[in-house]
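Colleague: Could you take me through one part of this model up close, the nonpolar core and what packs around it? I'd like the residues by name, please.

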Amino acid sequence: MNEEAEKRIAAQLAKAMAMLCVRNSRLEDLHAGVVPVTKTGDWSDVIVLDADGNRIPWLDVSRIDDEEMRAVMRDVVNRLYTFQLHAGNPALQAGIEKWMSVAGKWDEPQIDNRMLGRGRTSD
């Protein structure tokens, strides 16, 4: 198989895994809330008022607590594990095909050089 074919297959697999194992995970529960409005576009005009009366700028607010992060990560790991072990399962194949119509429209993936200890993300 040539390098271009390998890249095309890897891109499709990455998108399928991202959709089925990350996007459609407990992350959706966190994404389902009300999104505040910003008129500046940089969120500097959005403030969160907590129960103690603290006014916290939106960019300084943690939007996910430790327990939520643990739950998301457990779910993602379980989904990745299931995907890898059962990729040939007809039901999973049907799910992959269904969601690829959406994920196939996403931007093409790039090599994440940070994962490789090389600094910034690039092709």
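Modeller: Sure. This is a predicted model, and its largest nonpolar core has 7 residues: Ala-16, Met-17, Leu-20, Cys-21, Phe-83, Leu-92 and Ile-96. Two helices, H1 (3-23) and H4 (90-103), each put at least two residues into this core. The largest share is from H1, with 4 residues.

Let's zoom in on one of the core residues, Cys-21, which sits in helix H1. Is Cys-21 buried or exposed? Cys-21 counts as buried, because its relative accessibility is 2% and the cut-off for buried is under 20%. If you skip the neighbours within four places in sequence, Cys-21 is in contact with Ala-16, Val-76, Arg-79, Leu-80 and Phe-83. Ala-16 and Phe-83 are also on the list of core residues. For a sense of scale, take Cys-21 and Ala-51: they are 30 residues apart in sequence, and their C-alpha atoms are 34 Å apart in space.

Now for the helix pairs, starting with H1 and H3. H3 covers residues 66-86. The axes of H1 and H3 come within 9 Å and cross at roughly 130 degrees. That angle is why the two helices, H1 and H3, are called oblique to each other. Their crossing is right-handed. On the H1 side the contact involves Leu-13, Ala-16, Met-17, Leu-20, Cys-21 and Val-22, and these meet Val-76, Arg-79, Leu-80, Phe-83 and Gln-84 of H3. Sorted by type, the residues of this contact come out as 9 nonpolar, 1 polar and 1 charged. So Cys-21, buried at 2% relative accessibility, is part of the H1 face that meets H3.

H3 has another residue worth a look, Asp-75. Asp-75 is buried, because its relative accessible area is 16%, against a cut-off of under 20%. Again leaving out neighbours within four places in sequence, Asp-75 is in contact with Ser-25 and Arg-26.

Back to H1, this time with H4 as its partner. The axes of H1 and H4 come within 9 Å and cross at roughly 100 degrees, so H1 and H4 are roughly perpendicular to each other. From H1, the contact is made by Gln-12, Lys-15, Ala-16, Met-19 and Leu-20; from H4, by Gly-95, Ile-96, Trp-99, Met-100, Val-102 and Ala-103. The contact of H1 with H4 splits into 8 nonpolar, 2 polar and 1 charged residues. Ala-16 and Leu-20 are among the H1 residues in this contact, and both are also listed in the contact with H3 and in the core.

Two residues elsewhere in the model round this off. Trp-43 is in the loop between helix H2 (27-31) and strand S1 (47-49). Its phi is near 70 degrees, a positive value in a residue other than glycine. With a relative accessible area of 25%, Trp-43 is partly exposed. Asp-112 sits in the segment after H4, and at 24% relative accessibility Asp-112 counts as partly exposed too. Asp-112 and Leu-27 are 85 residues apart in sequence, yet 21 Å apart in space, C-alpha to C-alpha.

Note on methods:
Residues numbered from 1 in each chain as written. Predicted model: local features only at pLDDT ≥ 70, side-chain atom pairs only at ≥ 80, totals over all residues. Heavy atoms only, no water. Core = buried A, V, L, I, M, F, W, Y, C linked by side-chain atoms within 4.5 Å. Buried < 20%, exposed > 50% of the residue type's maximum accessible area, 1.4 Å probe, protein only. Contact = heavy atoms within 4.5 Å. Axes fitted to C-alpha atoms, helices over the stretch in contact; angles between N-to-C directions. Parallel < 35°, antiparallel > 145°, perpendicular 65-115°, else oblique. Left-handed = near helix turned anticlockwise from the far one by under 90°. Nonpolar A, V, L, I, M, F, W, Y, C, P; charged D, E, K, R; others polar.
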